[in-house]
Amino acid sequence: MFDDGDPTLTSTPAIELFGVSKSFASAQKGGAPVVALRDVAITVPQGRLLGLVGPDAAGKTTLMRILAGLVVADCGKVEILGAPAAQIDRMRIGYMPQGGGLYAELSVAQNLELYAKLRGLVPDENPERMARLYELTGLEAFKERAAGRLSGGMRQKLAMACAVVAAPDLMLLDEPSVGVDPVSRQEIWQLARELAGANSTIVWTTSILEDAAQCDEILVMHDGIVRYSGSPDGLARLADGLTQFWPVPERSRRESLQQAMTRPAVIHAGIEGGGVRLVLRDSGLAQVEGWMPTPARAEDGFAVLLDDGQPLEESHIAAAFPDRSGERESGAAIAAIGLTKRYGDFTAARDISFVVRPGEIFGLLGPNGAGKSTTFRMLCGLVTPTSGRGTVAGRDLRSAKAEARQAMGYMPQKFALYGDLSVADNLRFVAGAYGLARNEGKAAIERALAALGLEKFWLANAGMLPLGIKQRLALAAAVLHAPPVLFLDEPTSGVDPLVRREFWHHINAIAARGTAVLVTTHFMDEAENCDRLLLINQAEVIAQGTPDELKRAVPGQLPHHTLEQAFIALIEAERQDTVLGAIA
């Protein structure tokens, strides 16, 4: 595998697996073992960058843990850096687990120094390496801050620095760019390349196909089986002739997307660059007037490879929501009026104002640490504003907080359900908390389980679920009582592109019935689903409008084709203005 004539292939492979399988005991008493890996065979030459992708519960994290020496395979050959896995010097491996593995109560400096010592690197004897790590991560000014108080992007950078503090020969990075904005993702990629040694091998697990496309090779897994191994271009070629672009006016793109998603011919669709981009099941099905061929990408090949042949059904979750579409002009479902939050001398959000109407999807965008999560939490009633006020479903968050919370569904950025309880017990608890009658609650739970593919996890403890499955459970809990207002904070963080498609299928359908949705996301293709967007940077609003208006908002430039390009340009322009202002 990966034999493309590269002369490095003559050296000892960094990773060599053959016939590797792994099973775990069932979470249900007497249940059959859960097969995580099935006869996996891979060879990765030294100095290569491997992207490991796949849907939830595909076996990616199990494979990473085997490579890191934390899990022993049931059978097969596992050699790392030329030695059997049991004999390899673990000091030569840097492992960044999902979630980062940081100590939240320790400072940045304490975390980095602890990991350095664990890797045999004495910080005082290696000042150049430590200084270089702080320089590359941009964390020098935050050395004394607790890791738990860092923004998401800063935490990921610190976690990566801790994993590779000693410049290991093999870097195992499990979801290093999850939950970070496009600017921070670029910085994390640059950081990984600069921290790696000249011959370091990197395995980068990701649910973001744009990240995987930057790797030398891609390994796609599904149900513990390797479904594809090869170049990003090779994965894209699986969708040759199957990708189409449908120009659609901005006001009707979301409706057109929903129509496309339920066509039997369509595997995947998303709003992009002035229309809807589609991946089809058969090249002969592109018969719709106005569709135009467009080049295939790695994410399109991923969709084709894992296509189950079934079109998306109408959203049963949305169908259970009352039809509030007649309330669209009835006033504000959510209102932020001069919201400001200060922590001592630090201002987290300053004078944030906007209105979300019934049936509208409103997106809060911004880099990690910009203030959008603080704004979001103020409107959820979780943080008390220093000044300003907010309303939800007509209830003031200061004087009627309990009534406001009852009118909203809330999916937090971090998993907040009970890890020691099963999926069943968590959903029953949430149904009771929202006052659903027994039969009503049972029906709502059954709908959510079926729509989000949670049936097989019914008795599993929530804390033991893969990240993507936790996200599905959190969304199920947020929509059980069909609220008039829905708050979704990074709802698809850590889930694969096909599950993201399903999430947004439900979100769009819920909004179409008149529910107001306030969402934060770091995926700019998802932000295209929003009616309007608010871009926050350094605690202040820097742009507001429709997705197309934000694309046209970059000063001195032609409109950007993608929202991600516009996002990066607007943030960089704001940073440049800040630097020039400080110099002046």
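User: What makes helix α4 (residues 152-163) a helix that lies across strands, and which strands are they?

Analyst: In this predicted model, helix α4 lies across β6, β7 and β8. Contact here means heavy atoms within 4.5 Å, and the axis of helix α4 runs at about 155° to that of β6. Helix α1 (residues 60-67) lies across β3 (49-53), β6, β7, β8 (201-205) and β9, with an angle of about 150° to β7.

User: What is the order of the strands in the open sheet, and why are β6 (93-96) and β10 said to stand at its edges?

Analyst: The open sheet has six strands in the order β6-β7-β8-β3-β9-β10, and their pairing is mixed. β6 and β10 are called edge strands because each has a single partner strand, which leaves one side of each without a neighbour in the sheet. Neighbouring strands of this sheet are turned by 15° against each other on average, direction ignored.

User: How do you know that β6 and strand β7 (residues 170-174) are paired?

Analyst: Two strands count as paired if at least two bridges are found between them, and four bridges join β6 to β7, which run parallel; therefore the pair meets the rule. As one bridge partner, Tyr95 has Leu172 in β7.

User: In which sense do strand β9 (residues 217-222) and strand β10 (residues 225-230) pair, and what phi does Asp223 take in their hairpin?

Analyst: Strands β9 and β10 pair in the antiparallel sense over five bridges, and the bridge partner of Val220 is Tyr228 in β10. The hairpin of β9 and β10 has two residues between the strands, and Asp223 takes a positive phi near 55° there. As background, most residues other than glycine have a negative phi.

User: Where does Leu81 lie, and why is Leu81 called buried?

Analyst: Leu81 lies in the loop between β4 (75-80) and β5 (83-84), and its phi is near 55°, a positive value in a residue other than glycine. Buried means under 20% relative accessible area, and Leu81 has 11%, so Leu81 is buried.

User: Why is Asp351 called exposed?

Analyst: The word exposed is used over 50%, and the relative accessibility of Asp351 is 51%, so Asp351 counts as exposed. Asp351 is found in strand β16 (residues 346-356), and its phi, near 55°, is a positive value in a residue other than glycine.

User: What makes the pair of Arg253 and Asp548 a salt bridge?

Analyst: The rule asks for a side-chain nitrogen of Lys or Arg within 4 Å of a carboxyl oxygen of Asp or Glu. The closest N and O atoms of Arg253 and Asp548 are 2.9 Å apart, so the pair meets that cut-off. The pair links distant parts of the chain, with Arg253 in helix α8 (residues 253-261) and Asp548 in helix α18 (residues 547-551), 295 residues apart. Arg253 and Asp548 are both buried, and together with Glu528 and Lys551 they are linked in a network of salt bridges. The structure holds 24 salt bridges.

User: What does the salt bridge of Arg297 with Glu272 tie together, and why is Glu272 called buried?

Analyst: The closest N and O atoms of Arg297 and Glu272 are 2.8 Å apart. Arg297 lies in the loop between β14 (292-293) and α9 (298-305), and Glu272 in strand β12 (residues 266-272), so the pair ties together parts that are 25 residues apart in sequence. Glu272, at 18% relative accessibility, counts as buried because the limit is under 20%, whereas Arg297, at 31%, counts as partly exposed.

User: Where do Glu540 and Arg350 lie, and why are they called partly exposed?

Analyst: Their side chains meet in a salt bridge (2.8 Å, N to O), with Glu540 in strand β24 (residues 540-545) and Arg350 in strand β16, 190 residues apart. The relative accessible area is 33% for Glu540 and 36% for Arg350; partly exposed covers the range between under 20% and over 50%, so both residues fall there.

User: How do you know that Cys380 is in no disulfide?

Analyst: A disulfide needs a pair of cysteine sulfur atoms within 2.5 Å, and the nearest cysteine sulfur to that of Cys380 belongs to Cys530, 15 Å away; therefore Cys380 is in no disulfide. The count for the structure comes to zero disulfides. Cys380 is buried at 2% relative accessible area, whereas Cys75, at 39% relative accessibility, counts as partly exposed.

Terms used
Residues are numbered from 1 along each chain as its sequence is written. This is a predicted model: local features need pLDDT of at least 70, side-chain atom pairs count only at pLDDT 80 or more; totals for chains, interfaces and linings use all residues. Side-chain values use heavy atoms; hydrogens and water are left out. Buried means under 20% relative accessible area, exposed over 50%, partly exposed in between (1.4 Å probe, protein chains only). Axes are lines fitted to C-alpha atoms, for helices over the stretch in contact, and angles run from 0 to 180 degrees between N-to-C directions.
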